[in-house]
Amino acid sequence: MPLVEIEGLRVSFRQYGGKVDAVRHVSFRVSEGESVGIVGESGSGKSVSCSALLRLLPATAEVEATTLRLDGVDVLKANKEDLARLRGRSAAMIFQDPMTAFDPVFTIGHQIAETIRAHRKVGKREALAEAEQLLLRVEIKNAADVLGYYPHQLSGGMLQRAMIAMALSCRPKLLIADEPTTALDVTIQAQILQLIKRVQAEFGMALIMITHDLGVIAETVDRVVVMYGGEIMEEGAVTDVFEAPKNDYTKTLLASLHSRFEPSKGAPDTVAPALELRGVAKSYHTRRRSGFRVVQGEFQAVQTVDVVLPRNRIVALVGESGSGKTTTGLMAMRLTEPSRGQILVDGTDISQLDPAALIPFRRRMQIVFQNSYSALDPMMTLAQIIAEPLHIHGLGTPREQTEKALNWLERVGLPRNFGNRYAHELSGGQRQRVAIARALILEPTVLVADEPTSALDVTVKAQIINLLKQLQAELGLSILFISHDLSTVKSLTDSVVVMYRGRVVEEAPTERLFAEPQHPYTRALLDAIPATNPREKRLRTFLSADEIKARTPRYTVIQTGSAPNAAPQLVTIAPGHRVEAIVTP
Amino acid sequence: MTAHIIRRILSVAFTFIVVSIIIFLMMHSVPGGPFDANDMPVSEAVRAKMMAQWGLDQPLHVQYFNYMWGVLHLDFGVPFQSPGETVVELISRAWVPSLILGGSGVLIGAPLGILLGMAAALNRNTWIDYLASTLATLGLTIPVFVTSMLLILIFAVWLNWLPASGWPQPNRWILPIACYAAIPLATYARYTRSAVLDTLNRPFVTVLRAKGLSERRIVFQHVMRNSAIPLVTVFLPMFIGTATGSIFVEAMFRVPGLGAYFVSSIEVRDYTLQMALMLLITFMYCLAYLLSDIAYALLNPRIRVGGAE
């Protein structure tokens, strides 16, 4: 008998004006020990289906099914005791954002012990000892300390490990992982996925991996269910689906994995690059209280960064959260004041200009943010939002401004009659199109795009990338593309600047960087990208910060032409390829 | 944590001193004085002598220090309205009824409000929720003098269950206490409802359900503990506000409490009592916020334990 048996599942939500179906005709099975992936975009019903299995849906949901069985129990008929046994013991769940998945007022140890004691009659001390063992098994080295930590004292990656430990605490037969790595950095994602696979094998559990990321599917599961619009599109062995997809939607999804790179057109520099950062740095003063003393400190968010953005080119700024890439982007726009250094726009240093003198330069540089929802004023219509830059810079009559805004709606692929709508009426991809229209209506030469696609679904992401590429060619734009998503970077940008702990550690043309990465951090980053082919999945080794430091590359004076120095410095090792290295005589 | 508490105490003490200076200066900047011609028709020489005798001819800062020196020794002088006793005696006599009635009002109203708010949040959009919201809105919008008249009308006049007013028999306390309880009950019902709903919508509650915890444990241990964090900060200030007496309620129920003195001491220019009452209220609020801060820190590990590793 299969562990999970779902037959004809239908979930609908009661709303004003009737019911809305979230999931229809969903049927699939999971056997003991099997790994199944459910892939789909937001709203495809992938999470809803699994929440229905544990009856975790809100009271407004109506669940019907011919069969809905978990571990031999009819879930729809389950009483309180059955449910308590199903949840945690038959199946345990890991969630997307570990930062909000723990109760902030209790310690990690308390929350794991509580789970153990909810299912088994053991003492508090015994449960805590077991919690410590579990933390050790998810590779948390200082497990005894972590027991006493509150959630806010741990990083996202550590919390997700603790979450996995908690899920394992009652030896469940099924582990449901709902987008377990979406909120994490690439390198941490790879570690967590590998950990999930390891504990799955060790504990002999079945796994349901819910994700929007085909790479995660390729890495972790044997069988995949593709969902779209609340229905199953395709189901099969993961190699079959990847190599011979039958459904059109699956084909589009897979195509987004293998988008081809085309270099940007147009001549690069005529006189000066579109944007150049010279020795730009940002440090923040920190005040920390220790007892009665106030300890003053300085936090270097960005240490002396040089970036050149040539005309007609797209340059990527990549790195994990906290690497300083967004701060660098904001400084380039002078939205954050640099502590040191120069910002050159078309050869003019704008770093010292007063606000009035800066205004003409503001016209030439615009920005698009990650969260399109908070970047658009909810009280303004889309036409007003898009026309606002024209209004600010006093370009044209109000009638002309509106007309131009409506034209731009079309240019970014939205109908003109959207002009009277408000931001909340749009989907995430549509909102990001509006944000792009607003940024480009001034016809700037430089666009800073700060993770513009990371909140979007795969297929929508591909559309936005195509739009950016097309507008870049039409307008002769130079784009500084800030991202942690290396597959997007690979298909879009001409060259890549890798940032790590506030420094640039490597910079090279995109193809060269992906083919011949030199710095250990770049290598780690590239190695962490999920496989795009299920046959290519492999075990990875991960480097600690100390190991990365120890493996700083070494070059001789002859190779680089730089003076010898024991401290790491950026050296040129090939045209356009710079890497942080130690130069030996 | 100890350092945090000591820092809070110092900052509250500083606030108290600043406020006391402002009050002192305000009292002096108001036109008129204790020996004004129309109040006390005496000759210029006598007046100057009296001013000197009371130290009122000295520079302001000296007067302030003299006064605060007395305050430190609990010497607030003699109230003009009742020269037979000291200010301290008057306050400790009149405060008792206010403290009993107002304090009980909060101590009864707040827990009831919490229960009502929880019931509303856990039964969202049912008749319980609507009833609780209606009660809360009524409690906050109907002025206390209307509530007190209604209570007297229903329970004393129509039903004849309780005496309409008076002091000190405990059966005369019931109606004023009920009257005082209305606002804390309504406030707490609203606060609790929104705090509990906020907490219930947080992702960790789903995680707790997925772990197989019972709904009762989720609500009483996790949701309550998280919702209590915003609630504790409201309690003590509300207690102080109510337990120092309301002139309306005390007038309606003829309670010889502190409330009336707030107004009368201003009317009759009772400088000593006026100063003392203002300092007392300031002190009580400072203390209330200090204790609330400490309770907040104790409940919230983000403050108690500090930052990330």
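This short talk walks through a predicted model of two chains, A and B, from the domains of chain A to the spread of chain B.

A word on conventions: residues are numbered from 1 along each chain as its sequence is written, while chains are lettered from A and ligands numbered from 1 in the order in which they are written. Because the model is predicted, local features need pLDDT of at least 70 and side-chain atom pairs count only at pLDDT 80 or more, whereas totals for chains, interfaces and linings use all residues.

Let me start with chain A. The UniProt annotation "domain: ABC transporter", from an unreviewed entry, covers residues 4-254 and 275-526 of chain A, and such annotations may be inferred rather than shown by experiment. The domain assignment, which is automatic or taken from a database, gives domain 1 (4-257) and domain 2 (275-510). Taken over C-alpha atoms, the centres of these two domains of chain A are separated by 35 Å. Contact here requires C-beta atoms, placed from the backbone, within 7 Å of each other, and on that basis 9 residues of domain 1 of chain A are in contact with 8 residues of domain 2 of chain A. On the domain 1 side, α8 and α11 (248-257) of chain A each supply at least two residues, and the largest share, 3 residues, comes from α11(A). Helices are DSSP runs of H or I with at least four residues, strands are runs of E with at least two, and both are numbered from the N terminus.

Within domain 1, I would like to look at one helix pair. G156(A) is in helix α7 (residues 156-168) of chain A, and I188(A) is found in helix α8 (residues 186-203). Is each of them buried or exposed? A residue is buried if 20 or more other C-beta atoms, placed from the backbone, lie within 10 Å of its own, exposed if 12 or fewer, and partly exposed in between. G156(A) is partly exposed because 17 other C-beta atoms lie within 10 Å, whereas I188(A) counts as buried because it has 21 C-beta neighbours inside 10 Å. Leaving aside neighbours within four places in sequence, I188(A) is in contact with G156(A) and G157(A), and, with the same exclusion, G156(A) is in contact with P98(A), M99(A), A183(A), L184(A) and I188(A).

Next comes strand β7 (residues 91-94) of chain A, from which A91(A) and M93(A) point one way and A92(A) and I94(A) the other way, and all are buried. Strands pair if DSSP finds at least two bridges between them; β7(A) is joined by 4 bridges to strand β8 (residues 174-178), and the two run parallel. In this pairing M93(A) stands opposite I176(A) in β8(A).

Turning to the interface, 23 residues of chain A are in contact with 22 residues of chain B. The elements giving two or more residues to the chain A side are α3 (98-101) and α4 (108-119), with α4(A) giving the most, 3 residues.

Finally, what is the secondary structure of chain B? Chain B comes to 13 helices and 0 strands. The radius of gyration of chain B, taken over C-alpha atoms, is 24 Å, well over the 19 Å that the globule rule (2.2 Å times the number of residues to the power 0.38) gives for 309 residues, so chain B is more spread out than a compact globule. Of its 309 residues, 30% count as buried.

How values were computed. Two residues are in contact if their C-beta atoms, placed from the backbone, lie within 7 Å.
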